[in-house]
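The exercises below are to be worked with the sequence and the model open. Each task is followed by a solution in steps.

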Amino acid sequence: MKYLFPEKFWWGSAASGPQTEGAAMIDGRKESMWDFWYSQNPECFHHGVGPTHTSDFYHRFKEDIQLMKETGHNSFRTSIQWSRLIPNGTGEVNEKAVDFYNQVIDELLANDIEPFINLYHFDMPMCMQEIGGWENRNVIDAYVNYATTCFRLFGGRVKYWFTFNEPIVPVEASYLYDLHYPNVIDFKRAAIVAHHTIVAHAKAVEAFRKLELAGKIGIILNLTPSYPRSEDKEDRAAAHIADVFFNRSFLDPVTKGVYPRELVEILQARELLPPVEADDLEVIRNNPIDILGVNYYQPRRVKAKETQESENAPFMPEHLFDPYIMPGRKINPHRGWEIAEEVIYDIMIDIRDNYDNIPFFISENGMGVEGEEKFRNDAGYIEDDYRIEFVREHLQWVHKGIQEGANCLGYHMWTFMDNWSWTNAYKNRYGFVEVDLKNSLKRTVKKSGRWYKQLAENNGF
Ligand code: BG6
């Protein structure tokens, strides 16, 4: 075998509650902002498919966990839905939800699959969004109470906790780029949302530590390393600033306990710094994470600005750099994202050298493909060789990073089974397991899932 991974390496995949559970409004659950947005604007979702049903993990989790076994999982991440556990955002805990999450955790453990639990995957309860979502500090308190409730209820059995998945996405998508509800475009409000999210994260870490549970707590960040068009000073400066905005803005406070100085200076000069309360910076400083999850899909390529914005234009990060489309780049045409496998290695070396080599794992990596049913073979399963190749090529770089000392503990694919993906709904399929929407959500393991089992059993390839 050419690429052997360290002992006890985590092989598995990631998913989220809102994208898989379905059972939207039953057993006491209340609306998240996704349910609400869908009820108002179904046309914003691919083919008008909303979050109501998704893949019905709520009812089929036992069958699904068997399929995790069949596909070699020794670990699996999902998220608890705040809107299911505490349907009013604060106050009463929904016992049916406690039952459900207990059963999922127990079933995973009974099958030797380590549960990794995330607390927030873009899914603000609508009642919390109505009072301003992350712009309102009361939502920070409500979130910390929700997180503490989860630690108390499940912390005896769950050893790996994550406060947020890709916390920059709600900042960008909901407050800058008009992609998600509430479709605000306002940098100042985005900065408040970002800061409050980081404070909520740090306070949840603090609450976890106070309970003295035997486990680790971290956060999952989507890292998109920035590469300059050329080695020219201006291009490199532009890439550096993009990196500060889109990677270091979250990575530095959660690991080093401080915001990047340049980010603060840029925002201060433009009077865009969010209001900071007395103990915010202290709680951030005192609560670095134990473990980092790295979601990696694509790099960001950047060049120096070619035209200056008008002075009166409301600020956007893109006033400081231009995106650059690299000729000849490899691309996944279904998603429009560049595929650059070696970048995963650059992330690992960056964490090794600039972040004290903290323990981390690849918490998402994957390839969304539309129309996969055309690859179905005579035996009835999808032959997704492109996905196998995608994983192998990334893993070669992960292996190299580990050989060179990066503290990488595992690799999780996005995702276990085809799932509903926000406004893209079921357009692109990412799973090891097909979910047939036309055939009662029938699950069939794809070729990649069969291959992944061998990979996990051999601990390499
Ligand atoms: C990840 C998210 O960034 O991308 C997932 O954590 C999401 O929730 C996945 O499903 C794929 O996204 P998309 O937009 O390609 O469907």
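**Exercise 1.** Find the residue that stands opposite Lys-303 in E9, then work out the sheet to which this pair belongs.

*Solution.* The structure is a predicted model.

Step 1. The residue in E9 opposite Lys-303 is Asp-322. Another pair to locate is Val-302, which stands opposite Pro-323 in E9.

Step 2. Strand E8 covers residues 300-303, and 2 bridges join E8 to E9. The two strands run antiparallel.

Step 3. Turn to the other pairing of E8. E6 and E8 are linked by 3 bridges, in the parallel sense. Here Ser-226 stands opposite Arg-300 in E8.

Step 4. Put the strands in order. The sheet is open, has 3 strands and reads E6-E8-E9, with mixed pairing. Strand E6 (226-228) and strand E9 (322-323) each have a single partner strand and stand at the edges, so one side of each lacks a neighbour in the sheet. As background, strands of a sheet pair through backbone hydrogen bonds, either parallel or antiparallel.

**Exercise 2.** Describe the surroundings of the ligand: which residues come nearest, and how much of its accessible area does the protein cover?

*Solution.*

Step 1. Locate the site. The ligand sits in the largest pocket.

Step 2. List the neighbours. There are 13 residues around the ligand, and the nearest are Gln-19, Glu-166, Arg-335, Ser-421 and Tyr-430. Sorted by class, the shell holds 5 nonpolar, 5 polar and 3 charged residues.

Step 3. Check polar distances, using a cut-off of 3.5 Å between N or O atoms. A polar side-chain atom of Ser-421 is 2.5 Å from an oxygen atom of the ligand. For Gln-19, an N or O atom of the side chain is 2.7 Å from a ligand oxygen atom. For Trp-414, the distance from a polar side-chain atom to an oxygen atom of the ligand is 3.4 Å.

Step 4. Assess the cover. On its own the ligand has 390 Å² of accessible area, and the protein covers 92% of this.

**Exercise 3.** Inspect the backbone around Trp-414, Pro-182 and His-47: which peptide bonds are cis, and what is phi of His-47?

*Solution.*

Step 1. Start from Trp-414, a residue with a polar side-chain atom 3.4 Å from a ligand oxygen atom. The peptide bond from Trp-414 to Thr-415 is cis, and omega is near 15°. Thr-415 belongs to the loop between strand E13 (408-414) and strand E14 (433-436).

Step 2. Go to Pro-182. A cis peptide bond, with omega about 5°, joins Tyr-181 and Pro-182. Pro-182 is placed in the loop between helix H8 (168-175) and helix H9 (187-210).

Step 3. Read phi of His-47. The angle is near 55°, a positive value in a residue other than glycine. His-47 lies in the loop between helix H2 (33-40) and helix H3 (57-70).

How values were computed. Residues numbered from 1 in each chain as written. Predicted model: local features only at pLDDT ≥ 70, side-chain atom pairs only at ≥ 80, totals over all residues. Heavy atoms only, no water. Near = heavy atom within 4 Å. Polar contact = N/O pair within 3.5 Å; in protein donor to acceptor, adjacent residues only side chain to side chain. Areas by Shrake-Rupley, 256 points an atom, 1.4 Å probe, with all protein chains shown as cover. 1 Å grid on protein atoms, 1.4 Å probe; cavity = no way out; pocket = protein on both sides within 12 Å on 5 of 7 lines; lining within 4 Å. Sits in = over half its atoms within 2 Å of the grid points. Nonpolar A, V, L, I, M, F, W, Y, C, P; charged D, E, K, R; others polar. Pairing = 2+ DSSP bridges. Helix = DSSP H or I, 4+ residues; strand = E, 2+ residues; numbered from the N terminus.
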